[in-house]
Amino acid sequence: MQKLFLSPPHMGGNEQKYISEVFESNYIAPLGAFVNKFEKSICDFTGAKHALAVTSGTAAIHLALRVLGIKEGDDVLASTFTFIGSVSAILYQNANPVFIDSERESWNLDPKLLEAYLKDCEKKPKALILTHLYGQVAQIEEIAAICKQYDVYLIEDAAESLGATYDSKHSGTFGDFGIYSFNGNKILTTSGGGMLVSANKEWIDKALFYSTQAREDALYYEHKEFGYNYRMSNVLAAIGVGQMEVIEERVEKKREVFHWYKEELKDLEIEFMPELARSYGNRWLTTFLFKKSTNINTIIQALDAKGCESRPLWKPMHLQPLFKACHSLLNGSSEDFFERGLCVPSGTRMTKNDVKKVCAIIKENY
Ligand SMILES: Cc1ncc(COP(=O)(O)O)c(C=O)c1O
C-alpha cells in the first residue's frame, strides 16, 4: 500500500542531471554556479530583486532579524497561527515575541488587532514576522501599510507560500524581507534549504556576510563580528534549480487537489480555508474546519490505519508552553482553528481516486 503523505517531495526530472554537473565541476561546496542559478530563478519567478540561498527558512528569518539589528530586549510581532520555525529566530536574538491572532477571511494575521496594538503600545516593536499560512496570502496590502505607518520592519514568512500571489504580486516580495523554505514537505524541496529575498541589495550583501561566518575582506581570517554557517550547498541548489522548472505545474496541481476535495466533501458540514478575492494561493495543504462537534483524533487514526497521513492545524504559538510568558493579542480565531481543523494529504502526485479514498474515510468517521 502506497502511503499518502501530507506533502511529499516530487522531483521535476532534471535534478539528478544537475547534481551530476555539480559533481563534474567538483564544486561540492556551499557556493558555485547552481547556488547562483537557484537565486536567479527565484528572482525571475517571484519578481524579488535580490536573493540569498541558505540552509533553511529558519536561517533566512534569523539573518533578516540580524541584518535589521533586532537585539536583546526588542519586541518582535508575529503571527500566532504558524509553525515554530517562523518565530524561533526571535529567541536566537534574545528578543521578545508578541503574538497576534488571525482573522476569518484568510486565517492569517488580523490587521485590526495589529493596528490597535501599534496605536496604543508603550514600547514600539521593531519588526513583524507575518506568515502566509498553508500557502494562502494574508491581507498583505493593509498589513504592509500599517507597518509603514508605524515604522515597523515587515518580514514575510512565505515558507509555505512560494507561488502564491496578491494582485499578481508574489508573497514574500511586499515586505522589507521575504523568506521561502525548501524543507522536504514544501511545494518545492531541496531536502532542506531556504531563500532570503529583499529589494535592498545592501541588506542581502550583509546577510551573505553573516551567512558565511562574518569574514572581513582580508586574505587571512579577520573577524570584527560573529556570523553563522548558513550558506546553501551547491549540490542542494542543483535540486532547487530542477524544482523551479516545475513550480507553475506544482501550484496548479495543488489547487486541483484542493478542488477535488471540495467537490468530494461538498455535502459535509465543513469549512475550507478561504482565499482572499485578490489573492491566488498555492494550496500547499488542503485544510478545513469541522463544523459539528467531532473527535478529530478518531478521524486522524482512521486515516492513518488506511495509510493516509493527516494532522490537526498548527497549534498557535501563544498556547505553546515555551511562550507562556509572552504577550499576545487574541480574538479566539487561532484556538478555534486548532480545535476544529484538519490538514489532509495534498501531494502533487495524487490522483482523483486517492482524494476519493481519503474523503470516504472522513465521511465514514464524521
Ligand atoms: C510557516 C513556516 N515558517 C518557517 C518554516 C521554517 O522553514 P525551514 O524548515 O526551512 O527552516 C516552516 C517550515 O518548515 C514553515 O512552515
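A polar contact, as the term is used on this tour, is a pair of N or O atoms within 3.5 Å. The model in your viewer is a predicted one, and the ligand is a good place to begin.

Select the ligand together with Asp157, where a polar side-chain atom of the residue lies 2.6 Å from a nitrogen atom of the ligand, a distance that falls within the 3.5 Å cut-off. Add Thr58 next, and look for the N or O atom of its side chain that sits 2.5 Å from an oxygen atom of the ligand; then add Lys186, whose side chain places an N or O atom 3.0 Å from a ligand oxygen. With these three displayed, switch on the surface: the protein covers 93% of the 380 Å² of accessible area that the ligand has on its own.

Now widen the selection to the 15 residues that surround the ligand, of which the closest also include Glu160 and Ser181. Coloured by class, this shell shows 2 nonpolar, 10 polar and 3 charged residues.

From there, move to the largest nonpolar core, which has 41 residues, and select Phe38, Ile42, Tyr134, Leu162, Phe182 and Met195, the members that touch the most others. Among the elements that give two or more residues to this core are α1 (15-25), α2 (33-46), β1 (50-54) and β9 (194-198). Centre the view on Ile42, and, leaving aside residues up to four places away in sequence, you will find it touching Gly47, Leu162, Tyr180, Phe182, Met195, Val197 and Met244.

Finally, select Ile70, Val87, Ala89 and Ala127, which are among the 35 residues of a second, separate core.

Methods. Residues numbered from 1 in each chain as written. Predicted model: local features only at pLDDT ≥ 70, side-chain atom pairs only at ≥ 80, totals over all residues. Heavy atoms only, no water. Core = buried A, V, L, I, M, F, W, Y, C linked by side-chain atoms within 4.5 Å. Buried < 20%, exposed > 50% of the residue type's maximum accessible area, 1.4 Å probe, protein only. Helix = DSSP H or I, 4+ residues; strand = E, 2+ residues; numbered from the N terminus. Contact = heavy atoms within 4.5 Å. Near = heavy atom within 4 Å. Polar contact = N/O pair within 3.5 Å; in protein donor to acceptor, adjacent residues only side chain to side chain. Areas by Shrake-Rupley, 256 points an atom, 1.4 Å probe, with all protein chains shown as cover. Nonpolar A, V, L, I, M, F, W, Y, C, P; charged D, E, K, R; others polar.
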